[in-house]
Each structure stands twice: as structure tokens, then as C-alpha cells.
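Biologist: Could you take me through one part of this model up close, and then show me how that part sits in the rest? I'd like the cut-offs along the way.

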Amino acid sequence: MTTPDSLTTPDGTRIAYRDDGPRTAYRDDGPRPTPGDRGPILLLHGLAGHMDEWAALRQLLLADGHRVVSYDARGHGASTRRPADMSRRAAVADAEALVMHLGTGPVTLLGQSLGGLTALQLAASRPDLVSHLILIEAGPACRNPALPEQIATWLNTWPATGFPTREDAESFLGHEAWAAGLTQGEDGHWHPRFDPRKMVEAVRELATEDYWQDWSRITCPTLVLRGEKGTMPPEEVHKMQSPRPGTRVEVISGAGHDVHLDQPGAVYAALAAFLRTSEGVET
């Protein structure tokens, strides 16, 4: 795996990212996507994830001519491990700074779970930077007083001394992509590239906040993908469509919460059809 690039945010946080594919910058007065050049997509992973969990989907998007940018959210992966600020405001500012840093112009945001919330909030606050929004198992109905404790309890089930082998990690975590986000320590064991306390901080606001006002401000074409076996309630999706009836919704068969890991081909097919329809670009 190549060493990722990075940028440093105003608060001193290092954000590691990958930038693959054509470098054309799309702006309102500039070139538009063509069948051989589909436009930039920014991928935003969920809590405790990492940029390379998008590997399978990334390859499909690159083959279709997209510029694909993915990054490790603050506190995750190769980005700063223990930033002082893990707030929603900081997470959204990081995504905004990355789009501005790369000079991509309006981008398609594709975010899963907590990364989807970041994408949703950026689309609400900076509509000039976002051409399309795709949410995977993510929406504005976040308020859950028990969530920080639930996340802390889940992370406490991970072995304190790390996983003896990658195979042990994959068996415990349920997917190879999660195991790929670990790093091997001097003890030979495999350890997470995040501080569990920072993961709890990242969801602390979700104990008391919902983001329906942000949702109501979004104007770009939007696709919501739910896993057939996921955790996003159908009622939330129905409520999302009430103020924005043009929101497109698809349920991915056989997928759980990590739809992009369980069914990357189906995610790609839904994404490609959505972008074709909204842009009027033919394959």
C-alpha cells in the first residue's frame, strides 16, 4: 500500500488521504463529466474505520473514470490519533478543508454511518462544494443517550493485548476490511489505529443531538442506501423523504450495516445509476 498524502488543518490535526484517478477539477463554469470521466467522489468511512476499507468500491469507481478521494477521519488510521477536538464541527471542517485543498470543485459525497453524517452536514453547510450526496446507513435521526456507553462497551470487548493474528482479527471483527485497518505492534499482535476514548468522544454529541435542520437545508440530488440487515430504521428513511420527496432510496439485499463491505458491487450499481439519472450522462 502506498504512503498516503496528508494535509494539516488549522487546529494542527493531520488528515491522511488518498487521491486516485483523473485530476480534472469540476466547477460550475468548468468542464462537466463525460462517459470517460465521471467526476470526483469523496469517500467518508464510519466510526473506527479507515480509508482503505473502500478498496473494492474504489477500484470499480476508478475503472469508471472517477477521481476517487478517501481519507482517514481525525482520530483514525494514519491521521492524528488523539486530536483535541473530536466534535461534529471539526469532522465537517476536515471534509471541507480536504475538498478545498484538492481543488476538486463540487464533489459527490459518499459516506457510511458516521461518515455519512459528516457528508450530510457538509452538504447542508457548503452546498457549493457538493454536487451529489450518497448516504449509506446514515441519516439525521441520531439522538441516542446510550450511544457513547454502547460504543465504549463494544470497544472494551476487543482484546486488550491485540489480536494474535490477522485471521483472529478478521474472525472477531467480521470482515477482512476491518482487520486491514489494524497495525502490527512490536509484540507481533495486531492493534487498532485509534484510541478507544477518542471514538467515544466522536459520538458524544449524538447522545443528545439530531440533525433534521441540516437535512432540510440540503438541495443536491440525494441517494440513501440501506442494508437489508442493517441498523437504519425504515421509519427514518420515510421521514427523510417527507420534506425532500425527491430523495432516492434503495435497500441492498443481503447487506448489513457495512453495506459497502458486504455488497460493493451493488453499491456501485446503485451509485452509477443514480449519477446517470441526475446528470443525464449516458454509459
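Modeller: Here is a walk along one helix, then the core and the cavities.

This is a predicted model, so local features need pLDDT of at least 70 and side-chain atom pairs count only at pLDDT 80 or more, while totals for chains, interfaces and linings use all residues. Residues are numbered from 1 along each chain as its sequence is written, and side-chain values use heavy atoms, with hydrogens and water left out.

Let's start with helix 2 (88–102); helices here are DSSP runs of H or I with at least four residues, strands are E runs of at least two, and both are numbered from the N terminus. Its 15 residues should span 21 Å at 1.5 Å a residue, and the end C-alpha atoms are 22 Å apart, which agrees. That expected span is 1.5 Å times one less than the number of residues. Right after helix 2 comes Gly-103, with a positive phi near 65°.

Buried means under 20% relative accessible area, exposed over 50%, and partly exposed in between, using a 1.4 Å probe and protein chains only. The buried residues of helix 2 include Arg-88, Ala-91, Asp-94 and Leu-98. Val-92 sits in helix 2 too, and Val-92 counts as buried because its relative accessible area is 9%. Setting aside residues up to four places away in sequence, Val-92 touches Thr-118, Gln-121, Leu-122 and Ser-125, where contact means heavy atoms within 4.5 Å.

Now the core. A nonpolar core is a set of buried Ala, Val, Leu, Ile, Met, Phe, Trp, Tyr and Cys residues joined through side-chain atoms within 4.5 Å. The largest one has 31 residues, and Leu-98 and Leu-133 are among those touching the most other members. Helix 2, helix 3 (114–125) and strand 6 (130–136) are among the elements giving two or more residues to this core. Beyond four places in sequence, Leu-133 has contacts including Leu-109, Ala-119, Ile-218 and Phe-274.

Last, the cavities: on a 1 Å grid over the protein atoms alone, a cavity is a set of points where a 1.4 Å probe fits but cannot get out, and lining residues have an atom within 4 Å of a point. Grid points are joined across faces, edges and corners, and a volume is the space filled by probe spheres set on the points. The whole structure has three cavities of 30 Å³ or more. The largest has a volume of about 190 Å³ and is lined by 18 residues, with Arg-88, Ala-91 and Thr-118 among those nearest its centre. Helix 2 and helix 3 are the elements that give two or more residues to that lining.

Definitions and conventions:
On a 1 Å grid over the protein atoms alone, a cavity is a set of points where a 1.4 Å probe fits but cannot get out, and a pocket is an open set with protein on both sides within 12 Å along at least five of seven lines; lining residues have an atom within 4 Å of a point.
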